[in-house]
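I opened a fresh page for this one and wanted to see what sits around its ligands. Here is the structure I had on screen.

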Amino acid sequence: MLSAKSYAAFDASTPLGPYELSRRDPGPKDVVIDIHFCGICHTDIHFTQNDLGFSRYPLVPGHEIAGLVENVGADVTKFKVGDRVGVGCMVNSCRTCANCGEGLEQYCPTGIYTYGGDDRDGTITQGGYSTKVVVDQDFVLNIPASIPLDAAAPLLCAGITTYSPLRQWNVKPGTRVAVIGLGGLGHMAVKLAAAMGAVVTVISTSDKKREDAQRLGATGFIISKNEEEMKAAANSFDLILNTVSAATEINSHIALLARDGTMVMLGVVAEPMPVVSLPLIFGRRRLAGSLIGGIAETQEMLDFCGEHGIASDIEVISADQINVAYGRMMKSDVRYRFVIDIKTME
Ligand code: NAP
Ligand code: ZN
Ligand code: ZN
């Protein structure tokens, strides 16, 4: 076994703290990764707080992992020691179901998530707030040389989760895209949509992030609490990515879609959000959801970011600041992703 230092949640309400962890010895197809940085996704907060009701403790969160290959198993062909690599939300899948066959491993019924998942050896997977991780080579990604490791880490979840629906809904030059919530996912959605040529509007709860939205590539900005601004924007978007991390009123946002437009729910929210049918019927609008992205698509996204000079806007923190960062994210005070410098755990 390999020993690793980590930060874990021990229950749903006390702060995260240091935790000693064992990782399996690398099997023939495993890659041992020396983790340098790990992003903090709002899903990590949902899981530490047990918002979805199935968290198991101790729980080491983190699925925006960036680091260097430290060791490889005997049959590893895709990576060598020293390679710059990333791991996102999944560490394995069945490889035989229809979803896996189509490169949609995220929808595999027996896929294994990076933390809180049932691993093949009977253990529960533990995430990237940790000095090391051991992952099957098929679930390890190459990070382009042009992207610094710290700013690349958030691409492994926030990047792919927004890239995938932009591609699925065929965003191209001129597509009118709105992004609700300018946090970790939201700021990546703006950058990626703008790079695809879309005309991008940010819908935010306050005026505080207006200038940032423009700098990130948005040309429009709507304050969701301003009824007049919301009314003026009716029928004007082809695609809306809803990245809000809490239950909110969504019908007034659905009304912003043009005919045949789609709102894609990305926020993981356990509470129901009532939907009124009329705004869907009048306009043949659609309400959809999307979960991260497949492995090949994640590599495609990383390469796209490398080519377009895209990375995450980050605030690097030491491990002892994780609980402070969580508190700030709960107040939407994030610009735009906290990234843990994992070397501060050693
Ligand atoms: P984040 O960085 O905390 O950003 C969330 C943003 O939502 C905030 O910055 C804020 O934007 C807005 N917001 C928060 N509370 C709100 C409220 N009560 N009313 C209106 N707006 C509110 O979170 P994130 O890491 O981007 O994650 C966003 C959500 O996506 C989380 O639920 C996360 O679990 C989920 N997620 C889903 C997937 C997937 O595969 N579908 C993958 C990753 C994450 P403004 O300040 O602009 O108002
Ligand atoms: Zn995530
Ligand atoms: Zn499968």
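My entries below go through the ligands one by one and end with a few single residues.

**Entry 1: before starting.** I noted that this is a predicted model, and that side-chain atom pairs count only at pLDDT 80 or more.

**Entry 2: zinc ion (ligand 3).** I first looked up which residues coordinate the zinc ion (ligand 3). I found four cysteines, each through its SG atom: Cys94, Cys97, Cys100 and Cys108, at 2.3 to 2.4 Å. Along the sequence I wrote their spacing down as C-x2-C-x2-C-x7-C.

Next I asked myself why the arrangement of the four donor atoms is tetrahedral. The angles they subtend at the zinc ion (ligand 3) run from 104 to 117 degrees, so the label fits, as tetrahedral requires all angles to lie between 85 and 135 degrees.

I also checked two of these cysteines for burial. Cysteine 100 has a relative accessible area of 9% and is buried. Cysteine 97 comes out at 19%, and I count it as buried because the cut-off is under 20%.

**Entry 3: zinc ion (ligand 2).** Here I read off three donors for the zinc ion (ligand 2): Cys41 (SG), His63 (NE2) and Cys157 (SG), at 2.0 to 2.2 Å. Their spacing in the chain is C-x21-H-x93-C. I then placed the first pair: cysteine 41 is in the loop between β3 (30-39) and α1, while histidine 63 is in the loop between α1 and β4 (65-72). The pair therefore ties together parts that lie 22 residues apart in sequence. Cysteine 157 I located in the loop between α3 (149-152) and α4 (158-168).

Are these donors buried or exposed? I found cysteine 41 buried at 3% relative accessible area, histidine 63 buried at 6% and cysteine 157 buried at 4%.

**Entry 4: ligand 1.** I counted 29 residues around ligand 1, and the ones that come nearest are His42, Thr43, Ser204, Thr205 and Arg337. By class I have twelve nonpolar, 15 polar and two charged residues in this shell.

I then went through some polar contacts to oxygen atoms of ligand 1. A side-chain N or O atom of threonine 205 is 2.6 Å from one. For lysine 209, a polar side-chain atom lies at 2.7 Å from an oxygen atom of the ligand. Leucine 185 uses its backbone instead, with an N or O atom 2.8 Å from an oxygen atom of ligand 1.

How much of ligand 1 does the protein cover? I get 90% of the 930 Å² of accessible area that the ligand has on its own. The elements giving two or more residues to the shell are α1 (42-48) and α5 (184-195). Of these, α1 supplies the largest share, with three residues.

**Entry 5: loose ends.** I picked out alanine 189, which lies in helix α5. At 0% relative accessible area, alanine 189 is buried. I also took its C-alpha distance to histidine 42: the two are 147 residues apart along the chain and separated by 15 Å. For the pair cysteine 157 and alanine 232, 75 residues apart along the chain, I noted a C-alpha separation of 33 Å.

Methods: Residues are numbered from 1 along each chain as its sequence is written. Chains are lettered from A and ligands numbered from 1 in the order in which they are written. This is a predicted model: local features need pLDDT of at least 70, side-chain atom pairs count only at pLDDT 80 or more; totals for chains, interfaces and linings use all residues. Side-chain values use heavy atoms; hydrogens and water are left out. Donors are N, O and S atoms within 2.8 Å of the metal (3.2 Å for Na, K and Ca); water is not among the atoms, so sites may look incomplete. Four donors count as tetrahedral if all angles lie between 85 and 135 degrees; four count as square planar and six as octahedral if opposite donors are over 155 degrees apart and all others between 65 and 115; anything else is irregular. Buried means under 20% relative accessible area, exposed over 50%, partly exposed in between (1.4 Å probe, protein chains only). A residue is near a molecule or strand if one of its heavy atoms lies within 4 Å of it. A polar contact is a pair of N or O atoms within 3.5 Å; within protein, one must be able to donate a hydrogen and the other to accept it, and residues adjacent in sequence count only if both atoms are side-chain atoms. Accessible areas come from the Shrake-Rupley method with a 1.4 Å probe; for residues, only the protein chains shown count as cover. Helices (H or I, at least four residues) and strands (E, at least two) are DSSP runs, numbered from the N terminus. Ala, Val, Leu, Ile, Met, Phe, Trp, Tyr, Cys and Pro count as nonpolar, Asp, Glu, Lys and Arg as charged, and the others, Gly among them, as polar.
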